[in-house]
Number of protein chains: 2
Amino acid sequence: MRASQFFLATQKEAPTEAELISHKLMLRAGLIKRLGSGLYSWMPLGLRVLRKVEAVVREEMNKAGALELLMPAVQPKELWEETGRWAVFGPQMLKIRDRHERDFCFGPTHEEVITDIARREIRSYKQLPLNFYQIQTKFRDEIRPRFGVMRAREFMMKDAYSFHTSFESLEQTYDVMYQAYSKVFTRLGLKFRAVKADTGAIGGDGSHEFHVLADSGEDALAYCEQSDYAANVELAEALPPTAPRAAPAEALREVETPRQTACEDVAALLGIPVQRTVKAIALMAPDQAGTLQFHLLLLRGDHSLNEIKVAKLAGLADFRFASEDEIRAHLNCPPGFIGPVAVSEEVKVIADATVAAMSDFVCGANKPKFHLAGVNFGRDLPEPVMVADIRNVIEGDTSPDGKGTLSLCRGVEVGHIFQLRTKYAKAMNATYLDENGQTQVMEMGCYGIGVSRIVGAAIEQGNDARGIVFPAAMAPFEVAIAAIGFDRSDIVREAALKLHDELQTAGIDVLLDDRGERPGVMFADLELIGIPHRVVIGDRGLQNGEVEYQARTDAAAQAVALTDIVGLLQKALCRSA
Amino acid sequence: MRASQFFLATQKEAPTEAELISHKLMLRAGLIKRLGSGLYSWMPLGLRVLRKVEAVVREEMNKAGALELLMPAVQPKELWEETGRWAVFGPQMLKIRDRHERDFCFGPTHEEVITDIARREIRSYKQLPLNFYQIQTKFRDEIRPRFGVMRAREFMMKDAYSFHTSFESLEQTYDVMYQAYSKVFTRLGLKFRAVKADTGAIGGDGSHEFHVLADSGEDALAYCEQSDYAANVELAEALPPTAPRAAPAEALREVETPRQTACEDVAALLGIPVQRTVKAIALMAPDQAGTLQFHLLLLRGDHSLNEIKVAKLAGLADFRFASEDEIRAHLNCPPGFIGPVAVSEEVKVIADATVAAMSDFVCGANKPKFHLAGVNFGRDLPEPVMVADIRNVIEGDTSPDGKGTLSLCRGVEVGHIFQLRTKYAKAMNATYLDENGQTQVMEMGCYGIGVSRIVGAAIEQGNDARGIVFPAAMAPFEVAIAAIGFDRSDIVREAALKLHDELQTAGIDVLLDDRGERPGVMFADLELIGIPHRVVIGDRGLQNGEVEYQARTDAAAQAVALTDIVGLLQKALCRSA
């Protein structure tokens, strides 16, 4: 491709509303253009990247035996009512009314549609297992779309759905998908990690997320270097302390903490480790009768609350944080100094397992500007009504498999696989006849990849001060030829066009910068858009039969004989000569 | 691909609501499944066809220098207000309100979005011309979706938009697109015709439609065997008669036509050719002050009204047919016997050019059960206030280029190219700086292909009593191997798998029917789904080293040596060995 026949539209500055580096770079490189909130056009340069990702996903899905189909984006309300998700999915689902006043949605996901197809088309166990997938534009009406293609409202997704006669068969396909996903991200040249995950709104049993590792990732991941344990921090279990609680050694006493509300500040004031402090978090949750109950959750001062774990506790599924008024009403104290000592019986105290094993700790005194020290369960306050794992794991925690300690990293979720089991099939009566002619409900799995999100995630992982650093497998072009003086030097033009044609013939995706721009402009553009290999052709080098080669990640260029450059690039791109 | 690992879901009967043969066959062959009104899932078998069509379209667009991008399906109302089309497009446009109560539409077309991109990205004449395209799911909320994918609400379209500094540049790209479209339909193996067309709601100047020829096509096309003239009948000009009007020869007289209202019946009763009769059609249209005016349009008895031509006449842009009450009010006569003689001055009489040249004709008498004969302009009634071409051409009319006579055929519109000129660019202020630094409005073209519609159109063109007859270029598989006794004969299984692998290695898209079904079941399925080449492998033939080969269009199978079959198929598919 010649740049003069292509459409490059790089910009010096990114719009100020772009927060993430990938969002800024995608706009500056002209990969995407904003149409509206959470709506982006993929420009020719960006679409090349997206299509390469799509092609790798498609190839690996086909190799894994999945069958591609294409379901409508617009789905009738009636199907979603069968599973009860029309109401549950909430305002993230874009609802549509057609000219005949019938209700539809712009599909955020396709469990209902594929299950409808399965119940109509699958009669016998002989047809199973089956794994269908599609690559399609989806829409989720995010309340605050941001981060460019990473959390756009309209996005491209690969979604697959498998159907089985047994859980064993589901587990087999689930494993095949796990391997296929690993191949996709490996082939795309991304550093990634598969982690155990929460199943969230999709439901079902087992679940893994695939994350592209990047410091800016929204998700925190916990993994064990000494074993293959890896999980989203949302899910990662914090093992309870193995040592029993020590006997009380200190007397209970009030300590003045005039401006100290955070545990770190209290610990600093008292000259103790923050691990000796306990913070209290107030929640409201309806009991079975629907009456709101006040809960006080206790965490060690350096730990953070894991809301997903909390929501799984009995009676706390619909919790919310208490307001300042509610806190004052139940504890007669403003936030910052609240604690579990001497509270009324209405207040349900739930302790994280770490806290339950602590003695002689420091906590809020339920009295403005005061904390308590030397606090002990059983002596100064009752044992908690519930002890549970309600915190996020931290670096150095024991791995839940007991085989080492946990490390933390951050990632961008780009894939998610679920064992749905019979959740949808049961609701929609998707059955088949087994070997004995008996009607059985199908087992199901579902498997998503955020195709457009991968592009953003790859840029979060690969960038530097000069712009995007794409892996070759998803770069818009694999090689750029910067022809200095293309518009005025016959020998440069001739050599550049010849090399361009040779590389194309060798199956290499090449962009010839024939715009006649100054070298600085060409280099800046080619680096910004992340092309992994660059060849500079100029009069001076050609006189010695040489060109300059530089990989996007190299510190400097090297002179290469013109006769060697095709071979060098073939080798660099692992292409056979 | 092995059938046991694929998903074939053929049906004996098509649902009764399917009207067109292509719709019936697509459902019976299991290419698509209905989700709702005008909403279809493309099943794996159908998607293979759709993707092949898509690939050919993409390749030819790329070869023609167009740049692929991908715009959002969901578009903000504000852009459509700039061109005034938010109101104009009507209920066919699916309007959406998001969670923030902002208005959007599910894009039925993308002129506004691409023009917005162009005005932001194109600054200088040096960047032009540019031709952008996308292949995308679109939505039109048809009031009565029908004919399966031929008039679905959700469908796949290729839409391209070009931008230019001059009309000459637009004409050049328009011609390149015309050639590219011709290549697409030629490569797909379809009989097609490009015709001059009306520009309709998209607007602009020149326009051509591409039609796949099929007797069931919705559009009537006129073409000249003796020249390259071809046009949609909507647009095809009817030349006025060359002979001058003859002088009156008959006296005006009333003739009784007790039950005869249609011209054919009146002519039969009177024993005259229908070409001697004139029919009157009553229309209402607002004048400049907005007052409805009554118009009487005169057509020769065997001619039909061309509403598109009528709407282009001064003062008739917003015409509608008159109601029976309106006809009675203005002519004091029920429909069936109305005519232009002795009408009040309020009635505007418009004659088709053919009628204007007639003398001694027969028309309604404005008196129930009576017609007039021997009617002549200038003697029995005034000359018409307007003479114009308001009829559809008929077989045998002189070609508008004067180079022969017209023939008629029917087609399914699958492509449409338009010279939009500055309609959108002006409305949205899409300008560039010319060589002299002056601001100029861009010229635009737009070019559509109904990708999913092509599949239906191809089946309308190619089918027989046994099912679909796909051209090889768009068949779901190019070759089917029917292995008789695959489940019980080792030599059949071995030979079938070997041939399957050889064909795959030769780059041929092959389906091995390894289901172990009876030959009749296999043959019926493979014929129904339209696979162009079939090889039957059975024990008996293998004993002689032979298989059976039959093209989908062959009357009978022929024995072929097993060693020759790959070569035969390569030759049949124009593939090099």
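User: How many residues of chain B are in contact with chain A?
Analyst: Happy to start there, keeping in mind that this is a predicted model. Contact here means heavy atoms within 4.5 Å. On the chain A side, 57 residues take part, and the number on the chain B side is 57.

User: What area is buried between chain B and chain A?
Analyst: The size of an interface is often given as the accessible area lost when the parts come together. Carbon and sulfur atoms give 65% of the area buried between chain B and chain A, and the total is about 4,500 Å².

User: Which residues of chain B lose the most area to chain A?
Analyst: Three residues stand out here, and together they give 16% of what the chain B side buries. They are B:L35, B:L70 and B:R99.

User: How far apart are the closest N and O atoms in the salt bridge of B:E121 with A:K33?
Analyst: Side chains of opposite charge can pair when their charged atoms come close. Across the interface of chain B and chain A there are six salt bridges. In the one that B:E121 forms with A:K33, the distance between the closest N and O atoms is 3.0 Å.

User: Which helix of chain B gives the most to the side that touches chain A?
Analyst: Beyond the salt bridges, 16 residue pairs are in polar contact across the interface of chain B and chain A, both residues being at pLDDT 80 or more. The helix that gives the most to the chain B side supplies five residues and spans residues 44–63, and that is helix 2.

User: How many nonpolar residues are on the side of chain B that touches chain A?
Analyst: Sorting that side by class gives 15 charged residues and eight polar ones. The nonpolar residues number 34.

User: Which are the edge strands in the open sheet with the order 4-6-5 of chain B?
Analyst: This sheet has three strands with antiparallel pairing. Strand 5 and strand 6 (residues 103–106) of chain B pair over four bridges, and B:I96 has B:F104 in strand 6 as its bridge partner. An edge strand here pairs on one side only, and those that do are strand 4 (74–76) and strand 5 (94–97) of chain B.

User: In the open sheet with the order 13-19-18 of chain B, which residue stands opposite B:C363?
Analyst: The three strands of this sheet pair in the antiparallel sense, with strand 13 (253–256) and strand 18 (361–367) at the edges. Strand 18 is joined to strand 19 (residues 370–375) by four bridges. Opposite B:C363, in strand 19 of chain B, stands B:L372.

User: How many residues apart are B:R2 and B:D514, which meet in a salt bridge?
Analyst: The structure holds 97 salt bridges over all chains, and in this one N and O are 2.8 Å apart. B:R2 lies in the segment before helix 1 (21–28) of chain B, while B:D514 sits in the loop between strand 28 (510–513) and helix 14 (519–528). The pair links distant parts of the chain, and the separation in residues is 512.

User: Which residue does a cis peptide bond join to A:L128?
Analyst: Most residues other than glycine have a negative phi, and most peptide bonds are trans. In chain B, the bond from B:L128 to B:P129 is cis, with omega near 0°. In chain A, the partner of A:L128 is found in the loop between helix 5 (111–121) and strand 7 (130–139). Omega is about 0° for this cis bond, and the residue joined to A:L128 is A:P129.

User: What is the phi of A:D360?
Analyst: A:D360 is found in the loop between helix 10 (353–356) and strand 18 (361–367) of chain A. Although A:D360 is not a glycine, its phi is positive, at about 50°.

Definitions and conventions. Residues numbered from 1 in each chain as written. Chains lettered and ligands numbered in written order. Predicted model: local features only at pLDDT ≥ 70, side-chain atom pairs only at ≥ 80, totals over all residues. Heavy atoms only, no water. Buried area = accessible area lost by both parts, 1.4 Å probe. Salt bridge = Lys/Arg side-chain N within 4 Å of Asp/Glu carboxyl O. Polar contact = N/O pair within 3.5 Å; in protein donor to acceptor, adjacent residues only side chain to side chain. Helix = DSSP H or I, 4+ residues; strand = E, 2+ residues; numbered from the N terminus. Nonpolar A, V, L, I, M, F, W, Y, C, P; charged D, E, K, R; others polar. Pairing = 2+ DSSP bridges.
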